[in-house]
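Here are a few exercises to try with the model open beside you. Have a go at each task before you read its solution.

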Amino acid sequence: MNRKEFLADCGKKGLAGVALSMFPWLESCSDKAQQEVKGEKARIGMIGTGSRGLYHIKNLLRMPNVEMVALCDDYRPHLEDAAQYFPKAKLYDDYRKLLEDKNVDGVIVTTPLYLHGRMTMDALRAGKRVFCEKSMAFTLDEALEVYNCRKELNGVLFIGQQRLFDPKYAKAMQMVHEGKIGKVVGIRNYWYRNNDWRREVPSPELERRINWRLYSEYSRGLMTELACHHLQNGSWAMGMLPEKVMGSGSLLHWNKDGRDVYDAVSAIFTYPNGVNMTFESIISNKHFGMGEQILGTEGTIDLVTCMHYTDEPAPKGSGMHQLVAQIESGVMSNSVFAGTSWAAETSALAPGMPIMDNVTISTGESTVGAEADGSIEIMEAFVHAVITGKQPAKVLEESYYATQFALLADRAMHEGAILTLDDKYKIPYEPLR
Amino acid sequence: MAAISYSRKNPDYPVVYSSFGAMHTRVELLAVGLSEEQGRALMTEAEQEVKRLERLFNCHDSRSPLAVVNATAAGQSVKVEDELFMALELCEVFRRATGGYFDVTAVDENAESRGENRGGYALDGKEHKVRLLREGEMIDLGGFAKGYAAESVRQIFEREGVKQAVINFGNSSIVAMGHHPYGEWWPIGVKHRKVRSAVAREVRLKDSAMSMSGQAENGEYHIVNPMTGDCAMGEELILVEGRSALVAEVLSTALYAAPRNMRKTIMAQYEGYVASEIYCRADGSTECREIVR
């Protein structure tokens, strides 16, 4: 099964019934849902047209039911870059003016983290349907505020946790839920790069505006920019939330340019059943790239490479199996299997089984966005929601907790403490099963 | 724990099959004509025996008797249990009978002083003691254990009256008992790691065994030439067929480690065994050349 077939199946019997009960938000990606909005237009305005905004613009250009009617950025070169793609779009340098624009139905917020919460809530209050990049907010309190705001207004809110819409992740998680790797006993996430994470700055006074990711005044660094994508893996796989969080961070290598967010972090998230999920990121070594692995008592699923490994690989289809099959069928023919020693398949070199055909694997190296990582699907789902006004079930809760635990881990690192999420931040949570 | 399956799809020839990991590879056992109860019990016993031997011979497990020898027997005699002593005696016999090319002390920390100055070990037959002749010497029974274990499993099968079976240690050491129910032998195709799609040779096993040595499936060269201490790096595979899986295993290892001009000399010592070199040609075809004694 490939990506297209998986999504097509989301409207049919068989896998569809299972998939949609586990991943209800994927329904809006299905052919059926897309047919519902055929011929209709979602009038979109984008706030923040930097590198991530442009990445989304390139995907939106391929969607026939998108009309980009407004663009906003207070940094003129970015705004002009985006305007080239949509010459008819109205240009703003103040997002509040864009929100007043009655021609805008849906808003995409791709601004620095510290602005996410405020802009999202202002947009919701202006009656817009909102897609905001992850993380959801800059602080735990603000994330709760955003969540409650959406709830009170019964608005539409998507957070850019695109893995939730990536068919290969959905398929892999379905296998986890079906017990294909036995009991989940560990989750490992890592994201390694070897670059300074800087954007080019045309003049020194723009440093903090353009490289906002590097300053704690605007960003929580690696936890909100990278870990946030991985932290939903634990709740998604196990249907529960971490009980405690600990971690350590350092400004290890890129420490000469004035930045004050960590460039090396390690965090552990412990679940009520004792399972640990880890996240590690170092941006001064890239050998291992990016990894997200669900470890079970009977096997492992590598979400990034979309592979399934069993701990006790049965040599199915081996020559010995051929011999058994021959005897069962009453025939004899040559069974080819003799050779030099067959190595035990318990290491990382073991040949696993692809979970899905024709997948594009992301190395995690790009600092803008990857291909075929669910970004198109999440945007299609958002466009669908802009037209229909329907908020997909469960997905916002997953995004909310990914943000909260990223922020909590960042706090744990700074305080050198083992932390639990305060009850006041807990929202109704229905595990994905 | 082994995965054991029992099939009665062919009521004339029910088959029991077992697969488990041991000795850094996968062991597969197949026996024909047993009741389910007998078959499952037999497979369980065979697995226990292989795991017992693995514990005895594993030099990488600090709790194994062999690891104790490696850790303590340099310069002093250490008493060992009978079966390990016998294995070391056998290894010494094989070393001599292969011109030194089968040597379980081939890997040591003094690789630069191999050849005439090899260390090795000394055995005290009365006391069943072993002494390593040099500091840093290490006995590694990796090239011996699979063949020995395969023979042990065969003995268990024979004792239980099994007439038709295949014992496969990692595809490189294979024992056949009797013949295929629908033929006069067990037909085993040999593959070259570079030409997976083609059969390099068909071996017909009947109450006999075969062993293969060469570059590992993952491309590594792992057989050490005892004379130099370096890995032998031949592109050819060595295939040995004969009665005993143990002898076949020893011979294939020794022949691969030995230079080509030594191979005939080694084979001259082994009546009843046939050895071949399997080459992969540039065009992807394979060629099998018997090493004529």
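Buried area is the accessible area, taken with a 1.4 Å probe, that two parts lose on being put together, summed over both. Keep in mind that this is a predicted model.

**Exercise 1. Describe the interface between chain B and chain A.**

Step 1: Start with the area. About 3,000 Å² is buried between the two chains, and carbon and sulfur atoms give 64% of that.

Step 2: Look at who takes part. Chain B brings 43 residues to the contact and chain A brings 26 residues.

Step 3: Look for salt bridges. The count between chain B and chain A is one. Glu328(A) and Lys9(B) meet there through their side chains, at 3.9 Å from N to O. The cut-off is 4 Å, so this pair counts as a salt bridge.

**Exercise 2. Work out how H8(A) and H15(A) run relative to each other.**

Step 1: Find the helices. In chain A, H8 covers residues 140–153 and H15 covers residues 395–415.

Step 2: Take the angle. Their axes cross at roughly 170 degrees and come within 9 Å.

Step 3: Apply the cut-off. Angles over 145 degrees count as roughly antiparallel, so H8(A) and H15(A) are roughly antiparallel to each other. Their crossing is left-handed.

Step 4: Check the residues. Among those in the contact are Leu140(A) and Tyr147(A) from H8(A), and Tyr400(A) and Leu407(A) from H15(A). The contact residues of this pair divide into eight nonpolar, two polar and three charged.

**Exercise 3. Do the same for H4(B) and H5(B).**

Step 1: In chain B, H4 spans residues 142–159 and H5 spans residues 245–257. Their axes are 7 Å apart, at an angle of about 160 degrees.

Step 2: With that angle, H4(B) and H5(B) are therefore roughly antiparallel to each other. H4(B) passes H5(B) in a right-handed crossing.

Step 3: H4(B) contributes residues including Gly143(B), Gly147(B) and Arg154(B), while H5(B) contributes residues including Leu246(B) and Glu249(B). The split for this contact is five nonpolar, four polar and four charged.

**Exercise 4. Find what is unusual in the backbone on either side of H8 in chain A.**

Step 1: Recall the general pattern. Most residues other than glycine have a negative phi, and most peptide bonds are trans.

Step 2: Go to the loop between strand S5 (129–132) and H8, where Ser135(A) is found. A cis peptide bond joins Lys134(A) and Ser135(A), with omega at about -5 degrees.

Step 3: Now go to the loop between H8 and strand S6 (157–159), which holds Asn154(A). Phi of Asn154(A) is positive, near 50 degrees, and this residue is not a glycine.

Technical notes:
Residues are numbered from 1 along each chain as its sequence is written. Chains are lettered from A and ligands numbered from 1 in the order in which they are written. This is a predicted model: local features need pLDDT of at least 70, side-chain atom pairs count only at pLDDT 80 or more; totals for chains, interfaces and linings use all residues. Side-chain values use heavy atoms; hydrogens and water are left out. Axes are lines fitted to C-alpha atoms, for helices over the stretch in contact, and angles run from 0 to 180 degrees between N-to-C directions. Helices (H or I, at least four residues) and strands (E, at least two) are DSSP runs, numbered from the N terminus. Angles under 35 degrees count as roughly parallel, over 145 as roughly antiparallel, 65 to 115 as roughly perpendicular and the rest as oblique. A crossing is left-handed if the near helix is turned anticlockwise from the far one by less than a right angle, and right-handed if clockwise. Contact means heavy atoms within 4.5 Å. Ala, Val, Leu, Ile, Met, Phe, Trp, Tyr, Cys and Pro count as nonpolar, Asp, Glu, Lys and Arg as charged, and the others, Gly among them, as polar.
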